[in-house]
Amino acid sequence: MPTSSPSDKQIEVRAAIDRLNSESRSAEQFMKGITLLLNEKLLKYNWVGFYMLEDSTQPPVLALGHYQGAMTPHTRIHLNQGICGAAASSGKTVVVDDVSKDSRYLACSLETKSEIVVPIFVHGEVAGELDIDSHFPAAFGGDDQTLVEYCARLVGQRLEFESVKPR
Ligand code: SME
């Protein structure tokens, strides 16, 4: 029996994300489910977590939300710090193939070799981000970026929907 190619895997995971989205009763539950699902199904996704922007604090800070993987010392990250700060302040996905060569990198685990951080938008503004670390160098190719951006987009839609619900 042929083993499934990476793109088959991506299709399978995307379908599981869609199911999770329809079964989740809140954005919170959906986010928790995404961390579990990506960490479990994709072997190179060794740390999967959300950072959410707290703009009630001055200066604004990225606060750690749901995550799977090793405990991180970085529970609150300023926008001028780390790969996380770079993604949130630019509003652009950041992919780092070799974290040891990126001076912005804040170490979470000695095993981490590469990282992707994708901003989450709510009403056109950055509201948080989905951060994934890998123990493998250059773990995040084009297919991965597409998948992680898809997850971030769905989370943004859920958060946006909840923010306009009547109180
Ligand atoms: N590496 C991130 C910090 C978060 S940990 O990876 C969980 C950064 O450089 O911003």
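Is Gly156 buried or exposed? With a relative accessibility of 2%, Gly156 counts as buried, because buried means under 20% relative accessible area. The model described in this report is predicted.

## Gly156 and its surroundings

Gly156 belongs to helix H4. Beyond residues up to four places away in sequence, Gly156 touches Ile120, Phe121 and Val122. A further residue, Val126, lies 30 residues from Gly156 along the chain, and the C-alpha atoms of the two are separated by 9.1 Å.

## Helix H4

Helix H4 covers residues 142–163. At 1.5 Å a residue, the 22 residues of H4 should span 32 Å, and the distance of 31 Å between its end C-alpha atoms agrees with this.

Gly156 is one of several buried residues in H4. The others are Asp144, Leu147, Val148, Tyr150, Cys151, Ala152, Leu154, Val155, Arg158 and Leu159.

## Helix H2

Helix H2 is formed by residues 27–41. Its 15 residues should span 21 Å at 1.5 Å a residue, and its end C-alpha atoms are indeed 21 Å apart. The buried residues in H2 are Ala27, Phe30, Met31, Gly33, Ile34, Thr35, Leu37 and Leu38.

## The packing of H2 and H4

H2 packs with H4 at an angle of about 165°, and the axes of the two helices are 9 Å apart. Angles over 145 degrees count as roughly antiparallel, and H2 and H4 are therefore roughly antiparallel to each other. Their crossing is left-handed.

On the H2 side, the contact is made by Ala27, Phe30, Met31, Ile34 and Leu38. On the H4 side, Leu147, Cys151, Leu154, Val155, Arg158, Leu159 and Glu162 take part. By class, the residues of this contact divide into 10 nonpolar, no polar and two charged.

## Helix H3

Helix H3, residues 82–90, is mostly covered, with seven of its nine residues buried. These buried residues are Gly82, Ile83, Cys84, Gly85, Ala86, Ala87 and Ala88. They pack against six strands: S1 (47–54), S2 (61–68), S3 (76–78), S4 (94–96), S5 (114–122) and S6 (125–134).

After H3 comes Gly91, which has a positive phi, near 70°.

## Loop residues Asn46 and Leu106

Asn46 is located in the loop between H2 and S1. Leaving out residues up to four places away in sequence, Asn46 touches Asn39, Gln68, Gly69, Asp133, Ser134, His135 and Phe136. The C-alpha atom of Asn46 is separated by 8.4 Å from that of Ala70, a residue 24 residues apart from Asn46 along the chain.

Leu106 is located in the loop between S4 and S5. Its relative accessible area is 28%, and Leu106 is therefore partly exposed. Apart from its neighbours within four places in sequence, Leu106 is in contact with His74, Ile77, Gln81 and Gly82. Gly82 is also among the buried residues of H3. Another residue of that buried group is Ile83, whose C-alpha atom is separated by 7.2 Å from that of Leu106, although the two residues are 23 residues apart along the chain.

## Backbone features in the loops

Which residues does a cis peptide bond join? The bond joins Gln58 and Pro59, with omega about -5°. Pro59 lies in the loop between S1 and S2.

Two residues other than glycine have a positive phi: His123, where phi is near 50°, and Ala138, where phi is about 45°. His123 is found in the loop between S5 and S6, and Ala138 in the loop between S6 and H4. His123 is partly exposed, with a relative accessible area of 47%. Ala138 also counts as partly exposed, at 45% relative accessibility.

Methods: Residues are numbered from 1 along each chain as its sequence is written. This is a predicted model: local features need pLDDT of at least 70, side-chain atom pairs count only at pLDDT 80 or more; totals for chains, interfaces and linings use all residues. Side-chain values use heavy atoms; hydrogens and water are left out. Helices (H or I, at least four residues) and strands (E, at least two) are DSSP runs, numbered from the N terminus. The expected span of a helix is 1.5 Å times one less than its number of residues. Buried means under 20% relative accessible area, exposed over 50%, partly exposed in between (1.4 Å probe, protein chains only). Axes are lines fitted to C-alpha atoms, for helices over the stretch in contact, and angles run from 0 to 180 degrees between N-to-C directions. Angles under 35 degrees count as roughly parallel, over 145 as roughly antiparallel, 65 to 115 as roughly perpendicular and the rest as oblique. A crossing is left-handed if the near helix is turned anticlockwise from the far one by less than a right angle, and right-handed if clockwise. Contact means heavy atoms within 4.5 Å. Ala, Val, Leu, Ile, Met, Phe, Trp, Tyr, Cys and Pro count as nonpolar, Asp, Glu, Lys and Arg as charged, and the others, Gly among them, as polar.
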